Amino acid sequence: MPNDNVKPIPGSEILSEEAPPYTPLEGKTVLLGITGGIAAYKAADYSKKIRALGTRVIPVMTKHATEFVSPITFAALTGEKMYTDLFCVEGAETIPHIELARSADLFLVLPATANIIAKAANGLADDFLSTLLLAFSGPVLFSPSMNPAMYAHPATQANIERLKTLGYRVIEPEIGETACGDQGKGRLPEWSVVREAILKATTPQTLRGMNVLVSAGPTREYLDPVRYISNRSSGVMGYAMAMVAFRRGARVTLVSGPASIPHPPGIEICPVETAGEMEDIIGKLSQDAHVIIMTAAVADYTPAVRADRKIKKNTPELRLDLVRTNDILSQLVKSRKGRQIIVGFCAETQDLKAQAIKKIRLKGADLLIANDVSQPDAGFDVPNNRVLIVSADGDVEALPLLHKEEVGERVWDRIQDLLLQDTC
Ligand SMILES: Cc1cc2nc3c(=O)[nH]c(=O)nc-3n(C[C@H](O)[C@H](O)[C@H](O)COP(=O)(O)O)c2cc1C
């Protein structure tokens, strides 16, 4: 959504390109195994969403799954033939379960019934889906969904453990009210959780072994217990940087100012409010980090005095004294540990390139990512960003308008180049 609140600065050029859709699974094929659980209807919605990530989605249903949702629904939503029958004469000359197993990049079983979990844990192959599972040698994700008692049953739990020892990945079901009205663990997770599991399973683990520290979001500088000075940072760019690192195998800690973004699965979050809190925690956590990304929009000034009680409106004018906060990025550079890579983000409203080159020279970071927040289609509050990647030698790479996760991928590609140079 364009940001109507920001007026472009006079003379700044408004670029009216459209960001391409974010399709990280372009060129891939996902097998979607649907089994006979009540959450099969959600698989119909998720199949569309998986497809929107750029991949082919080939639906494979158990006979019992077709009792819940018609096969036509999946065929129509995915634009693919739906497979259910192992002994189907049509197409038998190619042995479909072997052909499909060879051609796919990921197998997602969603919803996974207690029954398919038990069968897969024991290597049973008595229908199309379970046979295809045995024939498939790529990454497999199970998303269990069932009544809490069925999920908690020692047999189901033992079967899930067995799946993990066989190298299958299991997406934890959520706690809440299940379709049968019972409360407990067994609900199919939200799309955002399934999406992350899919992206993690299909992303090469190029950052395995790396500790990554990311800061994100705005800070709040309090005038009194109820009022603060803040900025319009949503935190989306920083969360995207953290999520991309996690997908690539890094251990990620995210120090987040107040942001209304769901907690990304697998990432440790340290919530903070003020610039001072951000500085303290980053200082401590930076000791063990191989890469530090300062995406947070940390306040440059904070009130000199924070009133203990709410300031009353009994004077016609109120003047605020503000004092400078510490520059966390510069401090990190000064106390850099060994070959630590330090990346800064800056938001500007004029002379973006010149300001960014000046800033990276002044601060000494390895990369500076500069975004012009006066543009209505990029920066604060919107899903896309248009940035310059400035390197320490002043080289500037201008990226087009992209989804923030794609910006995150491009920036991480550049960081990985720096990490490679360090090891050469
Ligand atoms: C109305 C209804 C809802 C069901 N929901 C679930 C469910 O959510 N999860 C589950 O594991 N089994 C559920 N079952 C039981 C499975 O359908 C049954 O175990 C079946 O054998 C699964 O076969 P499949 O794994 O080959 O699809 C349900 C059964 C019925 C009749």
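Of the 424 residues of the protein chain, 41% count as buried, a residue being buried if 20 or more other C-beta atoms lie within 10 Å of its own, exposed if 12 or fewer, and partly exposed in between, with C-beta atoms placed from the backbone. The model is a predicted one, in which local features need pLDDT of at least 70 and side-chain atom pairs count only at pLDDT 80 or more, while totals for chains, interfaces and linings use all residues. Residues are numbered from 1 along each chain as its sequence is written.

**The whole chain**

Display the full protein chain, whose C-alpha atoms fill a box of roughly 80 × 50 × 45 Å along the principal axes. A cartoon view should show 13 helices and 21 strands, where helices (H or I, at least four residues) and strands (E, at least two) are DSSP runs numbered from the N terminus. Among contacts in the protein chain with a separation of 6 or more, 69% are between residues 24 or more positions apart; two residues are in contact if their C-beta atoms, placed from the backbone, lie within 7 Å.

**Helix α9 and the nonpolar cores**

Select residues 236-247, which form helix α9 and contribute 10 residues, the largest share, to the largest nonpolar core. A nonpolar core is a set of buried Ala, Val, Leu, Ile, Met, Phe, Trp, Tyr and Cys residues joined through C-beta atoms within 7 Å. This core has 59 residues, and Ala242 and Ala245 touch the most other members. Show Ala245 with its contacts beyond four places in sequence, which are Leu207, Val212, Ala250, Val252 and Trp412. Apart from this core lies another, of 51 residues, and Leu32, Ala39, Phe74 and Ile160 are among them.

Is α9 enclosed or left open by the rest of the structure? Because 12 of the 12 residues of α9 are buried, the helix is largely enclosed; the buried residues include Val236, Tyr239, Phe246 and Arg247. A distance check between the end C-alpha atoms of α9 gives 16 Å, which agrees with the 16 Å that its 12 residues should span at 1.5 Å a residue, the expected span being 1.5 Å times one less than the number of residues. Following α9 is Gly249, whose phi is positive, near 105 degrees.

**Strand β8 and its partners**

Move to residues 211-216, strand β8, which is largely enclosed by the rest of the structure because five of its six residues are buried. Strand β11 (residues 251-256) runs parallel to β8 and is joined to it by six bridges, and two strands pair if DSSP finds at least two bridges between them. Asn211 stands opposite Arg251 in β11. Strand β13 (residues 291-294) also pairs with β8 in the parallel sense, over four bridges, with Val212 opposite Val291.

**The five-stranded sheet**

Next, colour the open sheet of five strands, which has the order β2-β1-β3-β4-β5 and parallel pairing. At its edges stand β2 (56-61) and β5 (169-170), each with a single partner strand, so one side of each is left without a neighbour in the sheet. Strand β1 (residues 29-34) pairs with β2 in the parallel sense over six bridges, and the bridge partner of Ile34 in β2 is Met61. In strand β3 (residues 106-112), select Pro111, which is joined to Leu110 by a cis peptide bond with omega about -5 degrees.

**Around the ligand**

Select the ligand and its shell of 15 residues, of which the closest are Gly36, Gly37, Thr62, Thr113 and Met146; a residue is near a molecule or strand if its C-beta atom, placed from the backbone, lies within 6 Å of it. Helix α4 (residues 114-121) gives the largest share of this shell, three residues. By class the shell has seven nonpolar, eight polar and no charged residues, where Ala, Val, Leu, Ile, Met, Phe, Trp, Tyr, Cys and Pro count as nonpolar, Asp, Glu, Lys and Arg as charged, and the others, Gly among them, as polar.

**Two single residues**

Select Thr156 in helix α7 (residues 154-165), which counts as buried because it has 21 C-beta neighbours inside 10 Å. Thr156 and Ala114 are 42 residues apart in sequence, yet 6.3 Å apart in space, C-alpha to C-alpha. Not counting residues up to four places away in sequence, Thr156 touches Ala114, Ile117, Met150 and Tyr151.

End at Asp351, in the loop between β16 (341-348) and α12 (352-363). Phi of Asp351 is near 45 degrees, a positive value in a residue other than glycine, and with 13 C-beta neighbours inside 10 Å Asp351 counts as partly exposed.
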